[in-house]
Amino acid sequence: MASWASGLPLAALLLVACSSTAAASTYTVGDGSGWTTGVDYTSWAASKNFKVGDSLVFNYAKGLHTVVEVSAAEYMACTAASPLGSDSSGATTVPLKTPGTHYFVCSITGHCGAGMKLAVTVGGSSSPATPTPTTPRTSPTPTTPYTTPATPATTPYTTPTTPTCAGGGGTTTTTPGTTPFMAYPSAAGLGPAALAGFGLVWFVIVQLALL
């Protein structure tokens with residue numbers, strides 16, 4: 001029991017080491033073809049999923065080829081005037097430490113144009129990232145504004161006045177919807193001059209009737 005317990009720390013260290021090794025991958029450039037002319041490295045890189053922590057291994061004949069990391073512009077122009085890193089040992093291991101696209105060429109004249117150029121796009125870390133919990137966004141509840149109902153306008157009630165009709169001897173009130181009756185002065189209310197006028201009129205009428 002004691003010997004088994006004493007071996008636990010060593011087993012834990014081996015487990016951690018194995019886990020770290022499994023998290024990173026090592027890719028041999030060109031697989032069995034290695035680093036040489038006449039190989040389609042664009043298709044080779046497209047089939048891989050490179051992560052930060054992975055490594056590239058370039059295998060080539062020492063003295064015949066080189067491995068030079070360059071900028072995107074020099075990669076397109078097949079030049080290596082300002083190398084970011086270089087090696088010609090015949091077995092070059094390049095760790096991929098940063099995300100982004102890394103460019104490599106062979107600096108021997110004509111070799112880059114013959115296909116010895118490689119661009120690899122590196123993603124994030126090989127270890128899965130723990131997602132950060134987010135608080136769901138809530139939408140505010142719409143509210144209906146309070147409005148005071150308007151008081152309808154009212155027309156004041158008015159009592160119609162009764163029209164009056166004036167005559168010679170007084171006034172007569174009328175009821176709405178009826179024709180007012182006009183009153184005329186009677187003979188008793190006429191003066192002497194008026195009576196004489198009426199008498200003259202009757203006299204003329206009688207004389208005309210006798211003719």
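Tutor: Buried means under 20% relative accessible area, exposed means over 50%, and partly exposed is what falls in between. Keep that handy, and keep in mind that this is a predicted model.

Student: Okay, so why is L208 called exposed?

Tutor: Its relative accessibility is 58%, and the cut-off for exposed is over 50%, so L208 counts as exposed. You'll find L208 in helix 5, residues 192-210.

Student: What makes the nonpolar surface patch there?

Tutor: L200, F203, V204 and L208 make it, and the patch comes to about 410 Å². A patch residue needs over 30% relative accessible area, and L208 has 58%.

Student: On to the sheet. What is the strand order, and which strands stand at the edges?

Tutor: The order is 1-3-6 in an open sheet of three strands, with mixed pairing. Strand 1 (26-28) and strand 6 (91-95) each have a single partner strand, so one side of each lacks a neighbour in the sheet, and that puts them at the edges. From one strand to the next, the twist averages 20°.

Student: How do you know that strand 3 and strand 6 pair?

Tutor: Pairing takes at least two bridges, and five join strand 3 (residues 55-59) to strand 6, with the two running antiparallel. You can trace them: S55 has P95 as its bridge partner in strand 6, and N59 has A91.

Student: What do the side chains do along strand 6?

Tutor: They alternate. T92 and V94 point to one face and are buried, whereas A91, T93 and P95 point to the other and are not. In general, side chains in a regular strand alternate between the two faces of the sheet.

Student: How many aromatic pairs are there, and why is the one between W44 and F50 called tilted?

Tutor: The structure holds six aromatic pairs. For W44 and F50 the ring centres are 6.0 Å apart and the planes stand at 45°, so the pair is tilted. Under 30 degrees would count as stacked and over 60 as edge-to-face. Both W44 and F50 are buried.

Student: And what makes F58 and F104 a tilted pair?

Tutor: Their centres lie 5.4 Å apart, and with the planes at 55° the pair is tilted. The pair links distant parts of the chain, with F58 in strand 3 and F104 in strand 7 (residues 100-105), 46 residues apart. Together with W35 and Y41, F58 and F104 form one aromatic cluster.

Student: Are those two phenylalanines, F58 and F104, buried or exposed?

Tutor: F58 has 0% relative accessibility, so F58 counts as buried. F104 has a relative accessible area of 1%, so F104 is buried too.

Student: Why is L96 called buried when it lies in a loop?

Tutor: The label rests on area: L96 has a relative accessible area of 2%, and the cut-off is under 20%, so L96 is buried. The loop is the one between strand 6 and strand 7. L96 and K51 are 7.4 Å apart in space, C-alpha to C-alpha, but 45 residues apart in sequence.

Student: Last one. What makes the phi of D31 and C78 worth a look?

Tutor: Most residues other than glycine have a negative phi. D31 has a positive phi of about 50°, and C78 has one of about 55°. D31 lies in the loop between strand 1 and helix 3 (41-46), while C78 is in the loop between helix 4 (72-77) and strand 5 (85-87).

Student: Why are they called partly exposed?

Tutor: The class runs between the buried and exposed cut-offs. D31 has 45% relative accessibility, so D31 counts as partly exposed; C78, at 31%, counts as partly exposed too.

Technical notes:
Residues are numbered from 1 along each chain as its sequence is written. This is a predicted model: local features need pLDDT of at least 70, side-chain atom pairs count only at pLDDT 80 or more; totals for chains, interfaces and linings use all residues. Side-chain values use heavy atoms; hydrogens and water are left out. Patches are made of residues with over 30% relative accessible area and no salt bridge: like charges are joined within 9 Å, nonpolar side chains (Val, Leu, Ile, Met, Phe, Trp, Tyr) within 5 Å. Accessible areas come from the Shrake-Rupley method with a 1.4 Å probe; for residues, only the protein chains shown count as cover. A salt bridge is a side-chain nitrogen of Lys or Arg within 4 Å of a carboxyl oxygen of Asp or Glu. Helices (H or I, at least four residues) and strands (E, at least two) are DSSP runs, numbered from the N terminus. Buried means under 20% relative accessible area, exposed over 50%, partly exposed in between (1.4 Å probe, protein chains only). Axes are lines fitted to C-alpha atoms, for helices over the stretch in contact, and angles run from 0 to 180 degrees between N-to-C directions. Rings of Phe, Tyr and Trp (its six-membered ring) pair if their centres lie within 6.5 Å; planes under 30 degrees apart count as stacked, over 60 as edge-to-face and the rest as tilted.
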